[in-house]
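Thank you all for making the time this morning. I would like to walk slowly through one structure, and I will begin by putting it on the screen so that we can look at it together.

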Amino acid sequence: MTKPIVITGVSLYGEEAADIVIAKGEIASLSAADAPSGAVIVDGSGLVALPGLVDPHTHLREPGREDAETIETGSRSAAAGGYVAVHAMANTTPVADTAGVVEQVWRRGREVGLVDVFPLGAVTVGLKGERLAELGAMAQSDAHVRMFSDDGMCVSDPVLMRRALEYVKTFDGIIAQHAQDPRLTEGSQMHEGAVSASLGLAGWPAVAEESIIARDILLAEHVGSRIHVLHLSTARSVDIVRWGKSRGVKVTAEATPHHILLTDESARGYDARFKVNPPLRPESDVEAVRAGLVDGTIDVIGTDHAPHPDEDKDGEWAASAFGMIGLETSLGVVQKTLVDTGRLTWRDVARLMSEAPARLCQFEGHGRPLAVGEPANITLVDPKRAWVVDPRGTASRSHNSPFGGIEMPGTVVGTILRGAVTHAHPAFGGLGK
Amino acid sequence: MKHLLSTADLTRDEALHILDTAQEMAKTQEREVRKLPTLRGKTVVNLFFEDSTRTRISFEVAAKRLSADVINFSAKGSSVSKGESLKDTALTLEAMGSDGIVIRHSASGAAERLATSGWIQGSVVNAGDGTHQHPTQALLDAFTIRRHLGERSDSTGLDGLTVTLVGDILHSRVARSNIHLLTTLGASVVLVAPPTLLPIGVETWPVRVAHTLDEALDAFDIDALMMLRIQLERMSGGGAAFFPSPAEYSRLLGLDAARLARLPSHAIIMHPGPMNRGLEISAEAADSPRSVIVEQVSNGVAVRMAVLYLLLAGEAEL
Ligand SMILES: [Zn+2]
């Protein structure tokens, strides 16, 4: 049995201070006066409490690439980043395109028990984009899959995409698209523009993303389905989603922390830690994505945590893998770029990083209010405890962070999943074991 | 200067110093005994992940004329094709002891990774990395231009001259290297290519652009005309081709006898080789008295001698 916990004087959503009394996995009270005997008392003054973070987009690599990450190491990294639930992408080996694989991932997540691991299912068999996977079987499995994606690959065939969009309505499912026209991006290495021109790296044109998003919004409107756009990265992508929403299309969109902080200039030097798909874009796109988060066009922030072992990242740029880890730096990046600049409140952060992802991904018991009777899924942030990112100092099995050396303004000091402490910063003695 | 990775890293003074040194080297090559003792005891590794017999031989001759020991390391199959990784190769060479590594690689940035990843102590010379840079080619081109047209320039550099590059700019490391170096030396650069063979972002480069060779001949006073090698596979093979056909390429961009005749009388014709005769350049043009294509090759040795000397010899005297 986990001990009851009382966190005193903590600022809820960065607003009024309260005490959070946690017992039996729930928020039992918001007043320390109700603390049960034997409770661990933690001084929460100066801290911000958010509903436990939910990552709609994580690559845990298990099964198949346990050298890069396992469900256990990925879960620990997620907890360290303030997450209580993660959505595990389907591009594993074997691909999560059957009930068997998604149940395996879901069960392993429960065994580890540090975060709730919910698997997505692949849209097409083997992510090959040729025929639909058995989406119904995955939906009806113990893993209860509701979101499907070929992430890493684009469902580029318009007919197949249409069928997928229609079919998942059977069980209130949703298709999440990795928008990348494959023909426009053959051999592409980085954003196509002035920097790629000078570096001699094959360009990944913005239109390869935008054209697919536009097509999918039109398809979703035509068949009356929901569509979710993963990691949008360009100004026109934001415009197109905004336009879709204004038409009443049921479109939602995600942005990643790296696309709101880093630009394609990072590729100078050919350090493949900055190689990611979709690629880092110029400042004007970065700013448009930030603006899309501020004005509500973009619904959720997802890490696209993509672990790779060193040997897949320390060679030539073209030979290196796409992707960067991000579970432990996401809140810091969001605070740095959007909260400390006065563009978002902590209440907004709670929406973008917990409430909206939980609703979108249909994670029951997550993204709930910090209120009495709710599950005690809580992320505690010290917004004044700055730290400098050390790519080796991560709980992830991989070290391919693009943020090494960058100062993050705030620190996740505690993560609580249904009343159990899954992460406690050393400075946060009261919660430590 | 520790490495030579990109012409973008060279200041005007550094570039001129290399060219002046190359001139000294060229003079020594007219002596009866051409071998200099300058790099005796030094080891230069030619690390070629990509076949290029010409460039490798040019570097080999340059290093040997400076009395360096030369090791040719042909690493067939880069890590792109799952061969030995760049890192392991570098660590191996470091363990054997090498003072300078001349690297040719199909991946853009490979030379910079080799130089900056902490794997090796010695100097790195980029002998061509993907579609990025080939700095010694640009230096030998500038050397050749200065030799022939130097007196037309109003400086010790190339100020006042117009150099026109024709062909596949998008995929050309020769073009990228030349644009930086020529600009640094004061020349004005014109690029001639169809829009499909120009990079997005070319508008940020210090160049003027034309889409056909006739258009360029009309619009600019050309002092040096550099024809780039066209890769035939880029003009065929379905919907992703950059150009409809070799015949159309010749029609719009090839240097034939008529276009040759339209050049100012002092203009020189260059080509980094190997040429596709009859495609980007006609035999008349390639073999005409204005062609300096063969001389480019011998100048390549002098320039590479200068680069190796400046990187590896420390303060030793010529
Ligand atoms: Zn993706």
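Which order do the strands of the open sheet of five strands in chain A take, and with what kind of pairing? Before I answer, please keep in mind that what you see is a predicted model. The order is S9-S10-S13-S14-S15, and the pairing is parallel. At the edges stand S9 and strand S15, residues 300-301, and because each has a single partner strand, one side of each is left without a neighbour in the sheet. For S9(A), the link to strand S10, residues 174-177 of chain A, consists of two bridges with the strands running parallel, and there Met147(A) stands opposite Ile174(A).

Met147(A) also gives us a way to reach another part of the chain, since its C-alpha atom and that of Pro56(A) are separated by 9.8 Å although the two residues are 91 apart along the chain. Pro56(A) itself is found in strand S6, which covers residues 53-58 of chain A, and with a relative accessible area of 1% this proline is buried.

Let me turn now to the metal. Which protein residues serve as donors of the zinc ion? They are Asp151(A) through OD, His178(A) through ND1 and His231(A) through NE2, and they lie 1.8 to 2.3 Å from the ion. Read along the chain, these donors follow the spacing D-x26-H-x52-H. Distant parts of the chain are linked in this way, for Asp151(A) sits in the loop between strand S9 (147-148) and helix H4 (158-167), while His231(A), 80 residues apart from it, sits in the loop between strand S13 (227-229) and helix H7 (235-246). Both Asp151(A) and His231(A) are buried.

Staying with chain A, I would like to show you helix H6, residues 206-223. For its 18 residues, at 1.5 Å a residue, one expects a span of 26 Å, and the end C-alpha atoms are indeed 26 Å apart, which agrees. Many positions of H6(A) are buried, among them Ala206(A), Glu209(A), Ile213(A), Arg215(A), Asp216(A) and Leu219(A). Just after the helix comes Gly224(A), which takes a positive phi of about 70 degrees.

What about the cysteines? The count of disulfides over all chains comes to zero. For Cys154(A), the closest cysteine sulfur is that of Cys361(A), and because the two sulfurs are 19 Å apart, they are too far for a bond. Cys154(A) counts as buried at 12% relative accessibility, and Cys361(A) counts as buried at 3%.

To close the account of chain A, let me give its overall dimensions. Chain A has 11 helices and 20 strands, and its C-alpha atoms fill a box of roughly 65 × 50 × 45 Å along the principal axes. A compact globule of 433 residues would have a radius of gyration near 22 Å, and chain A has 21 Å, which agrees. Of those 433 residues, 63% count as buried.

We can now move to chain B, which contains 11 helices and nine strands. Its radius of gyration is 19 Å, close to the 20 Å that the globule rule gives for 318 residues, so chain B is as compact as a globular protein of that length. The C-alpha trace spans about 55 × 45 × 35 Å along its principal axes, and buried residues make up 56% of the 318.

Within chain B, why do I describe strand S1, residues 43-48, as largely enclosed by the rest of the structure? The reason is that six of its six residues are buried. In a regular strand the side chains alternate between the two faces of the sheet. In S1(B), Thr43(B), Val45(B) and Leu47(B) point one way and Val44(B), Asn46(B) and Phe48(B) the other way, and all are buried.

S1(B) has partners in the parallel sense. Six bridges join S1(B) to strand S2, residues 69-74, where Thr43(B) stands opposite Asp69(B). Between these two strands the chain crosses through helix H2, residues 53-65, and this β-α-β crossover is right-handed. S1(B) also pairs with strand S3, residues 100-105, in the parallel sense over five bridges, and the bridge partner of Val45(B) in S3(B) is Ile101(B).

Terms used:
Residues numbered from 1 in each chain as written. Chains lettered and ligands numbered in written order. Heavy atoms only, no water. Donors = N, O, S within 2.8 Å, 3.2 Å for Na, K, Ca; no water. Helix = DSSP H or I, 4+ residues; strand = E, 2+ residues; numbered from the N terminus. Buried < 20%, exposed > 50% of the residue type's maximum accessible area, 1.4 Å probe, protein only. Pairing = 2+ DSSP bridges. Right-handed = clockwise from strand over helix to strand, strands pointing away. Expected span 1.5 Å × (residues − 1). Disulfide = S-S within 2.5 Å. Rg over C-alpha atoms; globule rule 2.2 N^0.38 Å.
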